[in-house]
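Please work through the following exercises with the sequence and the model at hand. Each task is followed by a solution in steps.

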Amino acid sequence: MKDYISTEIHDITKDILADYDKKRHIDKLDVFNQPDTKVIYELIQELVRVAYPGFTKDKSYRIYDIRNNLSMVIEDIAFRLNKQIAIALRYGEHPDEEKLEATRLEAQKITLAFLRRIPEIREYLATDVEAVFDGDPAAESADEIIFAYPGLYAITIFRYAHVLYELGVPVIPRIMTELAHSKTGIDINPGATIGKYFMIDHGTGIVIGETTEIGEHVKVYQGVTLGALSTSGGRKLFNKKRHPTIEDNVTIYSGASILGGDTVIGKGAVIGGNVFLTKSIAPGTKVSVKNQELRYNQGKREVQEIEAYPDSAWFYVI
Ligand SMILES: CC(=O)OC[C@H](N)C(=O)O
């Protein structure tokens, strides 16, 4: 019998290799000069263990008391993260030896600056655990939140990634938060600024954009989007404030979308489920969808905006 597969493999490979020669973004072949997603994922696991030392075991060391192996864990993080940062800093370039050396030094400085900020990151995380425990009667203990809550996991990765973002590390912070996104369904861009006592309950489907600013004691439920208004020519908005500002003590219920860089949700406001907002809301205001009535105009779905109450609440009839 003729072996069709074997005879074709050579040609198929040749065609794909010729396709790689087109030198588009998708045609990179230099695996050694790319950030390594698998290593970054392993680093995340170690960083989570450093954040919550008594909650996971690292079987590779066979030393289960973190006091006895913390320096090894930190050393392992330091060397592997340093290498990933160096690669990220020179990503897409072909540096000469001098530039390479400068990048190596820069990566070391950033790695150390990052590691030095771990106590500060943990200070924030302690408040996040407290906020979830305080805000969710379904949690029997703070331990349950650390063991099991996807919201806390996503915030933990975010808090680490945000520091790397602040330190000017390209690509890696985003790989970190997108790994958390793929595990939890919670997408927090590392550029967002999030104050202490941040509570995510349930979490699935939450999106928090790059230039979002969130104060302290903010609660966010599943399906909430803190997003940008859709626009064409998006590159023009690079580095511009596109996502909302959420002031202290705001609660945002499930499915709400709050969009736009000029949109400010004032202190203590409560945004009801499924509300769609592109305008600022005064402090203390409660906003909700008035009813779930759908309006159709000659078969076309209409979204009608109604300024309904004197307390400046905006109601959207969808
Ligand atoms: C969260 C969101 O709406 O983001 C939209 C787009 N990725 C931006 O950053 O502008």
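The exercises below concern a predicted model and treat salt bridges, a sheet, a ligand site and one helix residue.

**Exercise 1. Determine how Asp-128 and Arg-159 are connected, and classify each as buried or exposed.**

Step 1. Asp-128 and Arg-159 form a salt bridge, in which the closest N and O atoms are 2.8 Å apart. This distance satisfies the cut-off, which is within 4 Å.

Step 2. Asp-128 belongs to helix H5 (residues 118-135) and Arg-159 to helix H7 (residues 150-166), so the pair ties together parts that are 31 residues apart in sequence.

Step 3. The limit for a buried residue is under 20% relative accessible area. Asp-128 counts as buried because its relative accessibility is 0%. Arg-159, with a relative accessible area of 6%, is buried as well.

**Exercise 2. Describe the salt bridge between Arg-24 and Asp-19 and the exposure of each partner.**

Step 1. The closest N and O atoms of Arg-24 and Asp-19 are 3.2 Å apart.

Step 2. Arg-24 has 36% relative accessibility and therefore counts as partly exposed. For Asp-19 the value is 29%, so Asp-19 also counts as partly exposed.

**Exercise 3. Locate the partners of the salt bridge between Lys-241 and Glu-213, and state which residues are joined into one network by salt bridges that share partners.**

Step 1. Between Lys-241 and Glu-213, the closest N and O atoms are 3.3 Å apart.

Step 2. The pair links distant parts of the chain, 28 residues apart: Lys-241 is in the loop between strand S7 (225-227) and strand S8 (245-246), while Glu-213 is in strand S5 (residues 213-214).

Step 3. Lys-241 is partly exposed, its relative accessible area being 32%. Glu-213 is likewise partly exposed, at 37%.

Step 4. Lys-38, Glu-42, Glu-46, Asp-76 and Arg-80 are joined into one network through salt bridges that share partners. The structure holds 16 salt bridges.

**Exercise 4. Establish the strand order of the open sheet of 4 strands, and explain why strands S2 and S11 stand at its edges.**

Step 1. The order is S2-S5-S8-S11, and the pairing is parallel.

Step 2. Strand S2 (193-194) and strand S11 (264-265) each have a single partner strand, so one side of each lacks a neighbour in the sheet.

Step 3. S2 and S5 run parallel and are joined by 2 bridges. Opposite Thr-193 stands Glu-213 in S5. Glu-213 is thus the residue that also forms the salt bridge with Lys-241.

**Exercise 5. Characterise the surroundings of the ligand: which residues are around it, and which polar atoms lie close to its oxygen atoms?**

Step 1. Val-207, Gly-209, Leu-226, Gly-227, Ala-228, Arg-242 and His-243 are the residues around the ligand. This shell divides into 3 nonpolar, 3 polar and 1 charged.

Step 2. A polar backbone atom of Ala-228 is 2.8 Å from an oxygen atom of the ligand. In the side chain of Arg-242, an N or O atom is 2.7 Å from a ligand oxygen. For His-243, a polar side-chain atom lies 3.3 Å from an oxygen atom of the ligand.

Step 3. On its own, the ligand has 300 Å² of accessible area, of which the protein covers 57%.

**Exercise 6. Place Thr-177 in the fold and identify a backbone atom close to its side chain.**

Step 1. Thr-177 is part of helix H8 (residues 172-184).

Step 2. Thr-177 counts as buried because its relative accessibility is 3%.

Step 3. A polar atom of the Thr-177 side chain lies 3.5 Å from the backbone oxygen of Ile-188.

Terms used. Residues are numbered from 1 along each chain as its sequence is written. This is a predicted model: local features need pLDDT of at least 70, side-chain atom pairs count only at pLDDT 80 or more; totals for chains, interfaces and linings use all residues. Side-chain values use heavy atoms; hydrogens and water are left out. A salt bridge is a side-chain nitrogen of Lys or Arg within 4 Å of a carboxyl oxygen of Asp or Glu. Buried means under 20% relative accessible area, exposed over 50%, partly exposed in between (1.4 Å probe, protein chains only). A residue is near a molecule or strand if one of its heavy atoms lies within 4 Å of it. A polar contact is a pair of N or O atoms within 3.5 Å; within protein, one must be able to donate a hydrogen and the other to accept it, and residues adjacent in sequence count only if both atoms are side-chain atoms. Accessible areas come from the Shrake-Rupley method with a 1.4 Å probe; for residues, only the protein chains shown count as cover. Ala, Val, Leu, Ile, Met, Phe, Trp, Tyr, Cys and Pro count as nonpolar, Asp, Glu, Lys and Arg as charged, and the others, Gly among them, as polar. Two strands pair if DSSP finds at least two bridges between them.
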